[in-house]
Amino acid sequence: MEKATQESEPQAWQGAVEALLPSTPAAAAWPHLASFCALHRYLSGVDVCERVAGEDGHPGCVRYVASLAAPAPGEEDQDQHEAAPVAIATWAREELLELDDAARRLSYAVVGSNMGFGRYVATMMVVEETEAAGCKLVWEFECEPVQGWSRDGLVCYLETTVKGMAARIVEAAAD
């Protein structure tokens, strides 16, 4: 008798999170989200966001994003003449797949990282609110299960992240 050797494929994770920007019109919020290589301005914890390929705002553009490791106790007090090496805690390379100004939508894919991502594609949108003033940020994702994460953990992280982004965009749009 032959045993079936077919392994079950892990189910893809998908979902969406959103955050309300009650006093910010979509037209004022969109330019901030559309700045693909300016993620460090709006995403807490991202210390570096640099274009490494292509042209910002055009499909094929690749950004490198990284978070720096917190200094070890005592390192922050080092002699100013000795520069301590900067440690990268997490990093990712993300490719812009689509940027649609009319729809206020962009899509990107993680093309490399040290965070356990395999295939990961996200779509971020600024949507005009119909029942209230302002707009909302919507962050949709579809990915393979992420190493070291649960789906609920990823959703919780993205919910916290999109709310922080919304607060920073509200502040920037008011300036």
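This is a short tour of the empty spaces in a predicted model, going from its largest pocket to its largest cavity.

**The largest pocket**

Start by selecting Leu 43, Glu 94, Met 115, Phe 117 and Tyr 157, the lining residues that lie nearest the centre of the largest pocket. The full lining has 26 residues, and the volume of this pocket is about 410 Å³.

Next, colour the elements that give two or more residues to this lining: strands E3 (62–68), E4 (88–100), E5 (105–113) and E6 (120–128), together with helix H2 (151–174). Which element gives the largest share of the lining? Select H2, which supplies five residues.

Now colour the lining of the pocket by class. Nonpolar residues number 19, alongside five polar and two charged ones.

**The largest cavity**

How many cavities of 30 Å³ or more does the structure hold? There is one, and the largest cavity has a volume of about 70 Å³.

To find the largest cavity, select its lining: His 32, Leu 33, Ser 35, Phe 36, Leu 39, Tyr 42, Arg 63, Leu 106, Met 124, Met 165 and Ile 169. Then show helix H1 (26–34) and H2, the elements that give two or more residues to this lining. H2 is thus a place to pause, as it appears in the list for the pocket and in the list for the cavity.

Finish by colouring the cavity lining by class: eight residues are nonpolar, two are polar and one is charged.

Conventions. Residues are numbered from 1 along each chain as its sequence is written. This is a predicted model: local features need pLDDT of at least 70, side-chain atom pairs count only at pLDDT 80 or more; totals for chains, interfaces and linings use all residues. Side-chain values use heavy atoms; hydrogens and water are left out. On a 1 Å grid over the protein atoms alone, a cavity is a set of points where a 1.4 Å probe fits but cannot get out, and a pocket is an open set with protein on both sides within 12 Å along at least five of seven lines; lining residues have an atom within 4 Å of a point. Grid points are joined across faces, edges and corners, and a volume is the space filled by probe spheres set on the points. Helices (H or I, at least four residues) and strands (E, at least two) are DSSP runs, numbered from the N terminus. Ala, Val, Leu, Ile, Met, Phe, Trp, Tyr, Cys and Pro count as nonpolar, Asp, Glu, Lys and Arg as charged, and the others, Gly among them, as polar.
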